[in-house]
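Colleague: Could you take me through this model step by step, from the pairing of its strands to its cores and rings?

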Amino acid sequence: MRMRHKKNLEARLEAVSEYLITLRTDNLNFNEAKNEKQLINLEEIFGNSNPVYLEIGGGKGQFACTFAEQNPEVNMLCVEKISDVIVLACEKAQEMGLKNVKFVSCAAEYLEAFLPEKSFETIYLNFSCPFPKKSYASHRLTHERFLNIYKPLLKDGAPIIQKTDNMHFFEFSIEQFSKCGFVISNVSLDLHNSDFEGNIVTEYESRFVAQGMPIYRLEARIK
């Protein structure tokens, strides 16, 4: 379903500008993004040198804001490409008075151009669009073309953590992680009926759990 355009979007984005990092990608070819560096300074953005965590496809900001609130000693950078969605995330952070979360308006294809290598403690992929049609497989955020973008961003030994409600997407992701040299661990085929502690429930997740659907989770690290 297409999201309805938010009223007064530009004014609302301006009102939360302290939380929003807008990157210029209009003249950037994402196939060559890694060679066109326009790196942002994370210490400057957050005003400290605390560890930084990255969520890609953050939606309305439920996970990022909850994570930032629960972990005030770290920073959370959340990527979301849709302006009508990211404005809601920024407004949520503003309402909560958070100081350690920022939102990047950018498609994942361009991240290599803007994010410095070996900067992130963890990358979170929470309920990414599964793009069920095989012809759209390369758009999935766990496709090898994206995993090869994420690899350089991770600190040594840092994981990518994925959650999804889609079994076929989960199986596809495991194949792609393995193909790209990741080792899979801490796999759950039904997260909410496991002994896992500390899970932050996202907007989509609460909906799926209410419908009795299992939630799949894994951690992937470079060998």
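Modeller: Before the strands are discussed, one rule is needed: two strands count as paired if DSSP finds at least two bridges between them. Please keep in mind throughout that this is a predicted model.

Colleague: Which residue in strand 8 stands opposite Ile 161?

Modeller: Strand 6, residues 160-164, pairs with strand 8 in the antiparallel sense, over five bridges. Within strand 8, the residue that stands opposite Ile 161 is Glu 219.

Colleague: Which residue of strand 8 stands opposite Ser 188?

Modeller: Strand 8 also pairs with strand 7, residues 182-188, in the antiparallel sense and over five bridges. As for its surroundings, strand 8 is mostly covered, with five of its seven residues buried. The residue of strand 8 that stands opposite Ser 188 is Arg 217.

Colleague: Which element gives the most residues to the largest nonpolar core?

Modeller: The largest nonpolar core has 38 residues, and those that touch the most other members are Leu 54, Ile 56, Leu 77, Leu 111, Tyr 150 and Ile 160. The elements that give two or more residues to this core include strand 2 (52-56), strand 3 (75-79), helix 7 (167-179) and strand 8 (216-222). The element that gives the most, with four residues, is helix 6.

Colleague: Which residues does Leu 111 touch, not counting residues up to four places away in sequence?

Modeller: Leu 111 is one of the residues that touch the most other members of the largest nonpolar core. With residues up to four places away in sequence left out, the contacts of Leu 111 are Ile 56, Val 79, Cys 106, Ile 149 and Leu 153.

Colleague: Is Ser 119 buried or exposed, and at what relative accessible area?

Modeller: Ser 119 is placed in the loop between helix 5 and strand 5, where it touches Leu 42, Val 52, Leu 153 and Lys 155, not counting residues up to four places away in sequence. One of these, Lys 155, is 36 residues from Ser 119 in sequence, yet the C-alpha to C-alpha separation is 5.8 Å. Because buried means under 20% relative accessible area, Ser 119 counts as buried, at 13%.

Colleague: And Glu 175, is that residue buried or exposed?

Modeller: Glu 175 lies in helix 7, and its C-alpha is 9.4 Å from that of Glu 144, although the two are 31 residues apart in sequence. Since the cut-off for exposed is over 50%, the relative accessibility of 54% makes Glu 175 exposed.

Colleague: How many aromatic pairs are there, and is the pair of Tyr 53 and Phe 67 stacked or tilted?

Modeller: The count comes to 10 aromatic pairs. For Tyr 53 and Phe 67 the ring centres are 5.1 Å apart and the planes stand at 55°, so this pair is tilted. Tyr 53 belongs to strand 2 and Phe 67 to helix 3 (residues 62-70), so the pair ties together parts that are 14 residues apart in sequence. To restate the two values asked for, the count is 10 and the pair is tilted.

Colleague: How are the rings of Phe 146 and Tyr 150 arranged, stacked or tilted?

Modeller: Phe 146 and Tyr 150 are four residues apart in helix 6, and are therefore separated by about one helical turn. Phe 146 is buried at 1% relative accessibility, and Tyr 150 is buried at 0%. With the ring centres 6.4 Å apart and the planes at 25°, the pair is stacked.

Colleague: Over the face of which residue does Arg 140 lie?

Modeller: The distance from Arg 140 to the ring centre is 4.5 Å, and the ring is that of Phe 172.

How values were computed. Residues numbered from 1 in each chain as written. Predicted model: local features only at pLDDT ≥ 70, side-chain atom pairs only at ≥ 80, totals over all residues. Heavy atoms only, no water. Core = buried A, V, L, I, M, F, W, Y, C linked by side-chain atoms within 4.5 Å. Buried < 20%, exposed > 50% of the residue type's maximum accessible area, 1.4 Å probe, protein only. Contact = heavy atoms within 4.5 Å. Phe/Tyr/Trp six-rings, centres within 6.5 Å; stacked < 30°, edge-to-face > 60°. Lys NZ or Arg CZ within 6 Å of the ring centre and 35° of its normal.
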